[in-house]
Amino acid sequence: MDRPGAVAQLRRAVSEFAQNYLEGTDPWCVALSGGPDSLALTVIAAGLRPTTALIVDHGLQADSALVAETARTQAISLGCQDAKVLRVQVGGPALKGGPEAAARAARYAALEDHRDGPVLLAHTLDDQAETVLLGLGRGSGARSMAGMRPYDPPWCRPLLGIRRAVTHGACAELGLTPWQDPHNTDRRFTRARLRSEVLPLLEDVLGGGVAKALARTATALREDTDLIDALAADALPVVSTGAGLDTAALAALPAPVRRRVIRGWLLAGGAIGLTDKQIRGVDTLVTAWRGQGGVAVGSRLRGQRLFAGRCDGVLTLRQQAI
């Protein structure tokens with residue numbers, strides 16, 4: 001039996017996603033950059049439900065306004081009931097973490113502010129493989145290597161099982177001319193080098209199938225992570241005190257569950273940008289207590305940082321001005 005065409009593959013993937021995660025036929029939004037992945041997704045989405053295209057103009061390239069307006073016009077011509085250009089600024093304090101992270105944060109904030117319903121994102125299996133490699137290379141722990149979730153309300157990723165070549169093929173089948181983002185081939189960006197250099201090399205050395213294997217790894221790790229999250233949620237009330245976390249009760253927990261409890265407690269206390277190294281540092285206050293000082297973590301409050309410390313058998317969290 002012949003394999004269905006690219007458009008048919010995408011339509012099946014998006015339809016199955018909607019059936020599994022989104023009941024009814026309510027309107028949805030699609031994040032459209034104008035590139036082949038999001039353009040192909042927009043065609044399919046507009047054919048299934050009332051669709052609003054949200055086009056984020058980061059203003060990082062000289063012709064960004066023209067690219068955004070072209071994408072808006074394409075969205076209307078492809079059947080979207082509405083299409084909006086959202087202009088954001090990426091700079092200043094937002095650049096913490098690098099330009100890629102800053103642009104991503106600005107993009108998601110704009111989509112959240114202007115969405116009317118769930119938002120479809122055009123991340124593909126190849127994007128998932130790149131995310132797993134990034135997490136692996138940075139030693140970020142299982143949560144990072146677990147990659148992107150198919151459904152993380154309001155964010156929907158119906159194409160995580162679809163190769164990038166399929167979205168390109170769909171655009172060709174439909175006679176569409178997508179925008180080619182020069183940042184995708186700019187060697188200054190880590191993800192661009194993973195895409196053009198690292199993954200092709202791995203595919204060659206390991207005999208192919210690497211991207212699919214990395215995506216399967218993400219799924220397996222995500223299932224394990226979800227289980228530990230559930231166990232940690234059950235344990236948190238047991239180890240909590242009015243002042244913090246009881247270290248004796250924490251020490252009795254299995255190590256992965258204990259560290260997940262610590263992570264959730266830190267986030268609830270206002271921590272941001274947590275690393276595996278920081279969480280393990282706080283864990284040593286429980287498992288290897290020698291009277292050492294606290295562990296500093298980032299804070300949501302500007303000009304402040306948080307310190308996790310131990311006092312009288314309790315983990316505590318305090319703020320300190322920078």
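Of the 322 residues of the protein, 43% count as buried in this predicted model. The C-alpha trace extends over about 70 × 45 × 45 Å when taken along its principal axes. Its secondary structure consists of 12 helices and 11 strands.

A convenient place to start is helix α2, which covers residues 36-48 and includes Ala40. Ala40 counts as buried because its relative accessibility is 2%, and buried means under 20%. A distance across the fold can be read from this residue: the C-alpha atoms of Ala40 and Asp127 are 15 Å apart, while 87 residues separate the two along the chain. Asp127 returns below as a member of a charged network.

The cysteines come next. The search of the whole structure turned up 0 disulfides. Cys29 takes part in no disulfide, and the nearest cysteine sulfur to it, that of Cys80, lies 9.6 Å away. A disulfide calls for sulfur atoms within 2.5 Å, so the 9.6 Å between Cys29 and Cys80 does not qualify. Cys29 counts as buried because its relative accessibility is 1%. Cys156 is likewise in no disulfide; its nearest cysteine sulfur belongs to Cys29, at 9.9 Å. With a relative accessibility of 0%, Cys156 also counts as buried.

Charged side chains offer plenty to look at. Side chains of opposite charge can pair when their charged atoms come close. In this model the count of salt bridges comes to 18. Three pairs within helices illustrate them in detail.

In helix α3 (residues 64-77), Glu69 and Arg72 sit 3 residues apart, about one turn of the helix. These two residues form a salt bridge, with 2.9 Å between the closest N and O atoms. Glu69 is partly exposed, at 33% relative accessibility, and Arg72 is partly exposed as well, with a relative accessible area of 28%.

Helix α8 (residues 190-206) holds the second pair, Glu197 and Arg193; because they are 4 residues apart, about one helical turn separates them. Their side chains meet in a salt bridge at 3.0 Å, N to O. The relative accessibility is 29% for Glu197, which therefore counts as partly exposed, and 34% for Arg193, which is also partly exposed.

The third pair belongs to helix α12 (residues 276-287), where Arg280 and Asp276 are 4 residues apart and so lie about one helical turn from each other. A salt bridge joins Arg280 to Asp276, and its closest N and O atoms are 2.8 Å apart. Arg280 counts as partly exposed at 40% relative accessibility; Asp276, with a relative accessible area of 25%, is partly exposed too.

Beyond these pairs, salt bridges also link residues into a network, made up of Asp127, Glu130, Arg164, Arg191 and Arg195. Asp127 in this network is the residue whose C-alpha atom lies 15 Å from that of Ala40.

Finally, the surface carries a patch of positive charge, in which Arg3, Arg12, Lys212 and Arg216 gather. Arg216 belongs to helix α9, which runs over residues 210-239. Arg216 counts as exposed because its relative accessibility is 56%, and exposed means over 50%.

Conventions
Residues numbered from 1 in each chain as written. Predicted model: local features only at pLDDT ≥ 70, side-chain atom pairs only at ≥ 80, totals over all residues. Heavy atoms only, no water. Patch = residues over 30% accessible without salt bridge, like charges linked within 9 Å, V, L, I, M, F, W, Y side chains within 5 Å. Areas by Shrake-Rupley, 256 points an atom, 1.4 Å probe, with all protein chains shown as cover. Salt bridge = Lys/Arg side-chain N within 4 Å of Asp/Glu carboxyl O. Lys, Arg positive; Asp, Glu negative; His and termini not counted. Charge placed at Lys NZ, Arg CZ, Asp CG, Glu CD. Helix = DSSP H or I, 4+ residues; strand = E, 2+ residues; numbered from the N terminus. Buried < 20%, exposed > 50% of the residue type's maximum accessible area, 1.4 Å probe, protein only.
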